[in-house]
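Thanks for making the time this morning. I would like to walk through one model with you, going from a single element out to the whole chain, so please have the viewer open.

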Amino acid sequence: MDPVDRTARFPVGAVVTLEALTGDVHPCLARLRTAEPVSWLPAIGGWLVTGRDPALAVLRDADSFTVDDPRFSTARVVGPSMLSTDGADHARHRAPFAGAFKHAVVMDGFEAWTAIEARRLLAGHLAVGRCDLRPALAAPLAVGVIARALNLEEADPDRVLGWYRAIVAGVEGVNAGREVGDGTRRAVADLRRAVDRTVRDSAGSLLAEVAEEGSLTADELFSNTAVLMFGAIETSEGMTANALAHLIGDPSQLAAVANDRSLVPDAVEESLRMEPAATLVDRYATREVDLLEARIGVGDLVTVSLAGANRDPVVFNDPDRFDVRRPNLHLQLAFVKGPHVCLGLHLARLQTIAAVDAVLDLLPGVRLDDDFEPARGLVFRKPAAVPVAWGPSEG
């Protein structure tokens, strides 16, 4: 089926714009999910999957829907990694890091430290009575956690953020059809020197142990470190900012969680369902596949909307409502399913829970400022700011 025929066959997808997918995306996703849960979108030059069942089918079938494609932008910036390989090669890239991110290891090594760090980050704002929780808490906590996990603690947080922002700019540029810029190349080289130094000088660190294990080349060790750092900062910052905004912005749910702190993990999970920090994941068809009413061709881009799948009303009752007591929260797909399930999911959950706990403990009467604007973003979605005030209401 050529693009003209696809446009005629999928009229709802044909009129979707990039702005509709970037701003208040959920009404658009609902229309697609109802009429064309697998739809051809000229705006992205590929298929968009919004139904939960077909999303799972794509995510779990790496033989038919692969990340191992020259168009995959992250690999063009930092090189092949666990993010951009499949099958045995993917397992080879991922396995040396997996043990460090197991639940028990994460809880033992990070639970106490992360709780203390979240409170430390808020401490400087307590006397003021207001702040933006994204730069004050969500972003520096994400940087600190991954720097500790990778033993890059000697790197200044601003420097780590600089590397991250340059990699983001490079990936976005490649997605827009541009070559990797000089700024991104310099940042990648600087990060490479830090990784090599950690391997050389920090015996017993995760990176030194992976290097000693020997299954990855030095280039592959670096590329996997880069995608771990990129993913941890981008998605963890967004995850924390979204969770704080959802909870603080809903007074009844905030009161429920404040009165029963065992609900904090569920509040975080419900926020992941409502607004995944990484909302789109790309795959490329390795063969011709029929997916619902769509005939997908070899080489076609197939993009899964995690945000669409997470609000599928077939699975989630009243899906646009934030409900920390939702009984089937474990069915949300924010961390993906299949071979590319997020390696750092336990660490990401831990730091967002720590951030919520710190806010509940230290900011009595916390509330969103009136100028709060909801999350935006085509691929990564988070609010530009989470401005809050606390203490007695000025009204």
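Let me begin with a question: is helix H15, residues 264-274, largely enclosed by the rest of the structure or largely open? This is a predicted model, and I ask you to keep that in mind throughout. In this model nine of the 11 residues of H15 are buried, so the helix is largely enclosed by the rest of the structure. The buried set holds nonpolar residues, including Val264, Ala267, Val268, Leu272 and Met274, but Glu269, Glu270, Ser271 and Arg273 are buried as well. As for what surrounds them, the buried residues of H15 pack against helix H4 (26-35), H13, helix H14 (251-259) and helix H17 (345-362).

H13 leads us on to the nonpolar cores. The largest of these has 88 residues, and those with the most contacts inside it are Phe97, Leu133, Leu137, Leu191, Met229, Val359 and Val388. Helix H13, which spans residues 218-248, gives the most to this core, with 15 residues. If you select Leu133 and leave aside its neighbours within four places in sequence, you will find it in contact with Leu122, Ala138, Leu244, Ile248, Val359, Leu363, Val386 and Val388. There is also a second, separate core of 22 residues, and among its members are Leu56, Phe65, Ala294 and Ala309.

For contrast, please turn to Val314, which lies in the loop between helix H16 (306-309) and H17. Its relative accessibility is 75%, and as the cut-off for exposed is over 50%, Val314 counts as exposed. Although Val314 and Gly51 are 263 residues apart in sequence, their C-alpha atoms are 9.0 Å apart in space.

Now to the chain as a whole, where the secondary structure comes to 17 helices and 10 strands. For 395 residues, a compact globule would have a radius of gyration near 21 Å, and the 21 Å computed for this chain agrees with that. The C-alpha atoms fill a box of roughly 65 × 55 × 35 Å along the principal axes, and 54% of the residues count as buried. Taking contacts between residues at least 6 apart in sequence, 72% join residues at least 24 apart.

Finally, the surface and the charges: the accessible surface comes to about 16700 Å², of which 54% belongs to carbon and sulfur atoms. The chain carries 40 positive and 55 negative side chains, yet the centres of the two sets lie 0 Å apart.

Definitions and conventions:
Residues numbered from 1 in each chain as written. Predicted model: local features only at pLDDT ≥ 70, side-chain atom pairs only at ≥ 80, totals over all residues. Heavy atoms only, no water. Helix = DSSP H or I, 4+ residues; strand = E, 2+ residues; numbered from the N terminus. Rg over C-alpha atoms; globule rule 2.2 N^0.38 Å. Buried < 20%, exposed > 50% of the residue type's maximum accessible area, 1.4 Å probe, protein only. Contact = heavy atoms within 4.5 Å. Areas by Shrake-Rupley, 256 points an atom, 1.4 Å probe, with all protein chains shown as cover. Lys, Arg positive; Asp, Glu negative; His and termini not counted. Charge placed at Lys NZ, Arg CZ, Asp CG, Glu CD. Core = buried A, V, L, I, M, F, W, Y, C linked by side-chain atoms within 4.5 Å.
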